[in-house]
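Q: Could you take a close look at the interior of this protein for me, and walk me through it step by step?

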Amino acid sequence: MLAEWFPNLVLAWGLQMTGVMSPGPGVALILGIAVSEGRRSALMACLGIGCAAILLAVATVVGLAAIWSEVAGLLTIVRLAGATYLGWLAWTAFRKAINPPPPPTARRVSGRSSILQGFLMQLINPKALMFWVAIAAVSGLNLAPLPVVVLFVIGAFAVSFAGHGIWAVALSSHPFRILYARARRWIEGLLGCFFALVAFKLATAEE
């Protein structure tokens, strides 16, 4: 049974990994957390993103594209919520660019906030949602037996957490943090512009 569905799983996980490793709002969020709160918080954000991937993987199996088309107004609600959240992230980044906070200390930071930020970002991330819709369209996993579905969901979490974890480790590395300390105004300003642009595109996108 597994051998029969293995090509479908590889296709789905391959598409997911492509989305994970291509920079987008999720990576930008990890960047902001990594340079301001450190590696632990960045990895907690990756955990939140991975938990959201579980939810999206389940939605993919039950028919993600059908959910968008059949539930009236759902896409609009998600789109506007995403635009609002990204707008808040843009405002936060611009505030840091204008008045940079002091370098983060070694104090212990609760990971709950980072987990929640990662979870919410993944659920409203337009790039991620497009990849998941593509997975739903081509993988055929909505017809898979339960053991294959369970394996797919577990693998989706692993791919998401590991892939984003690579970004978290790289962006919280000592050389990058030195670069950030020297150019934090520019980096935060660019993050603010990126979040604001994506928020504007989401808010003005046509159905």
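A: What follows describes the nonpolar interior and then the enclosed space in this model.

The model is a predicted one, and its interior can be approached through the nonpolar side chains. In soluble globular proteins, such side chains tend to be buried together. Here the largest nonpolar core has 28 residues, and those touching the most other members are I30, L86, L89, M121, L171, L191 and F195. At least two residues of this core come from each of helix 2, helix 3 (39-62), helix 5 (74-98), helix 6 (112-124), helix 8 and helix 9 (174-204), while helix 2 gives the most, with eight residues. To see how one member is surrounded, consider F195, which, once its neighbours within four places in sequence are set aside, is in contact with P25, A28, L29, L86, L89, A90 and M121. Apart from the largest core lies another core, of 19 residues, with W13, A53, L56 and A156 among them.

The interior also leaves some empty space, since the structure holds one cavity of 30 Å³ or more, and about 120 Å³ of space lies in the largest cavity. Its lining is made of 15 residues, of which G19, V20, Q122, K127 and A128 lie nearest the centre. Helix 1 (2-21), helix 2 (25-37), helix 7 (126-138) and helix 8 (146-171) each supply at least two lining residues, and helix 7 gives the most, with five. In character, the lining of this cavity divides into six nonpolar residues, eight polar residues and one charged residue.

Key
Residues are numbered from 1 along each chain as its sequence is written. This is a predicted model: local features need pLDDT of at least 70, side-chain atom pairs count only at pLDDT 80 or more; totals for chains, interfaces and linings use all residues. Side-chain values use heavy atoms; hydrogens and water are left out. On a 1 Å grid over the protein atoms alone, a cavity is a set of points where a 1.4 Å probe fits but cannot get out, and a pocket is an open set with protein on both sides within 12 Å along at least five of seven lines; lining residues have an atom within 4 Å of a point. Grid points are joined across faces, edges and corners, and a volume is the space filled by probe spheres set on the points. Helices (H or I, at least four residues) and strands (E, at least two) are DSSP runs, numbered from the N terminus. Ala, Val, Leu, Ile, Met, Phe, Trp, Tyr, Cys and Pro count as nonpolar, Asp, Glu, Lys and Arg as charged, and the others, Gly among them, as polar. A nonpolar core is a set of buried Ala, Val, Leu, Ile, Met, Phe, Trp, Tyr and Cys residues joined through side-chain atoms within 4.5 Å. Buried means under 20% relative accessible area, exposed over 50%, partly exposed in between (1.4 Å probe, protein chains only). Contact means heavy atoms within 4.5 Å.
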